[in-house]
Amino acid sequence: EVQFASIVANDPKAADVFAIPDSLKAQAEVAAKGGDAFPMELVKVTNGVYQARAFRHHSMVVEFPTFVAVVEAPYLDTQTRMLAKAIENQFPDKPIKYAAVTHFHYDHIGGIRAMAALGATILVAKGQEPAVRKVLEAKHTHPPDDLAKAGDNAGKIETFEGTKEIKEGN
C-alpha cells in the first residue's frame with residue numbers, strides 16, 4: 001500500500017535527484033559517448049591475487065603462470081567486459097581460463113554469459129549447476145549478446161563436488 005501526503009508536478013527540485021555529481025562528470029561524459037564505461041580497478045591483495053573493485057560488485061582475480069582465474073562473475077556483461085580489459089592491461093597474453101561462481105544469485109552470475117563468451121570455463125558446484133546452466137543456455141538473440149556471438153569459442157561449464165583446486169606452477 002502506498003499513500004501520498006502530497007504530489008507536485010514539475011517540481012524544480014526533482015532535477016537535483018538526477019544531477020550528476022561533479023566527481024563523476026568526466027566518467028558520465030565517457031559513458032554518454034557509448035561503448036563500455038564502468039569503473040574497474042585491480043587492487044593487489046598479495047602476490048598473484050587481486051581484488052577487482054567495481055561500482056557495485058567485486059571479483060577476485062588469481063594470476064597463474066599462463067592464465068588467470070576469476071572468482072565471482074561480475075554483476076553485468078558490461079562490468080565483465082571492463083574486468084576483461086583490466087585483466088588484459090594488467091596481464092597481457094594471459095587469458096581468463098576459469099570463472100568460478102560460489103552460488104547462483106544474480107549478483108554473482110550476472111556476467112557469466114560474458115565470461116563464457118571470453119572462452120572462460122565456468123566452474124560451479126554440482127548443486128548450483130542447473131541454475132547456472134539455464135542462464136548460459138538461454139537464447140539472447142535480439143540483439144545477440146556476447147555469448148550468442150561467440151559460437152564455438154565459448155567456454156563450457158565444469159562442475160565439481162566438494163572442492164576444486166586449480167594448479168599451474170607454484
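**Exercise 1. Charges and overall form**

Task: How far apart are the mean positions of the positive and negative charges of the protein chain?

Solution: Start with the tally: the protein chain carries 19 positive and 22 negative charges. Then take the mean position of each set; the two lie 3 Å apart. Keep in mind that this is a predicted model. Next, set the scale. The C-alpha trace spans about 65 × 35 × 30 Å along its principal axes. Finish with the surface. The accessible area is about 11200 Å², and carbon and sulfur atoms account for 53% of it.

**Exercise 2. Elements in order**

Task: How many helices and strands does the protein chain have, and what pattern do they follow?

Solution: Count by type: there are seven helices and seven strands. Now read along the sequence. The pattern is α-α-β-β-β-β-α-β-α-α-β-α-α-β. Then turn to contacts between residues at least 6 apart in sequence. Of these, 59% join residues at least 24 apart.

**Exercise 3. From β2 to β4**

Task: In which sense, parallel or antiparallel, does β3 pair with β2 and with β4?

Solution: Take β2 (residues 49-54) with β3 (residues 59-63). They pair in the antiparallel sense, over four bridges. One pair to find in the model is Gln-51 with its bridge partner Met-60 in β3. Move on to β4 (residues 68-71). Its pairing with β3 is antiparallel too, again over four bridges. Here Val-61 has Val-70 in β4 as its bridge partner. Last, look at the connection: β3 and β4 form a hairpin, with four residues between them.

**Exercise 4. The nonpolar cores**

Task: Which residues have the most contacts inside the largest nonpolar core, and which helix gives the largest share of this core?

Solution: Begin with burial. Of the 170 residues, 34% count as buried, the cut-off being under 20% relative accessible area. In soluble globular proteins, nonpolar side chains tend to be buried together. In this chain, the largest nonpolar core has 32 residues. Leu-42, Val-61, Leu-83, Ile-87 and Val-132 have the most contacts inside it. Helix α3 (residues 77-90) supplies the largest share, five residues. A second, separate core has six residues, including Phe-67, Ala-69, Ala-100 and Leu-123. Note that Val-61 appears twice in these exercises: as a bridge partner of Val-70, and among the residues with the most contacts in the largest core.

**Exercise 5. Around Val-132**

Task: Which residues does Val-132 contact, leaving aside neighbours within four places in sequence?

Solution: Search for heavy atoms within 4.5 Å. Work up the sequence. Before Val-132 come Val-101, Phe-104, Ile-109, Ile-112, Ile-122 and Val-124. After Val-132 comes Ile-157.

Notes. Residues numbered from 1 in each chain as written. Predicted model: local features only at pLDDT ≥ 70, side-chain atom pairs only at ≥ 80, totals over all residues. Heavy atoms only, no water. Core = buried A, V, L, I, M, F, W, Y, C linked by side-chain atoms within 4.5 Å. Buried < 20%, exposed > 50% of the residue type's maximum accessible area, 1.4 Å probe, protein only. Helix = DSSP H or I, 4+ residues; strand = E, 2+ residues; numbered from the N terminus. Pairing = 2+ DSSP bridges. Areas by Shrake-Rupley, 256 points an atom, 1.4 Å probe, with all protein chains shown as cover. Lys, Arg positive; Asp, Glu negative; His and termini not counted. Charge placed at Lys NZ, Arg CZ, Asp CG, Glu CD.
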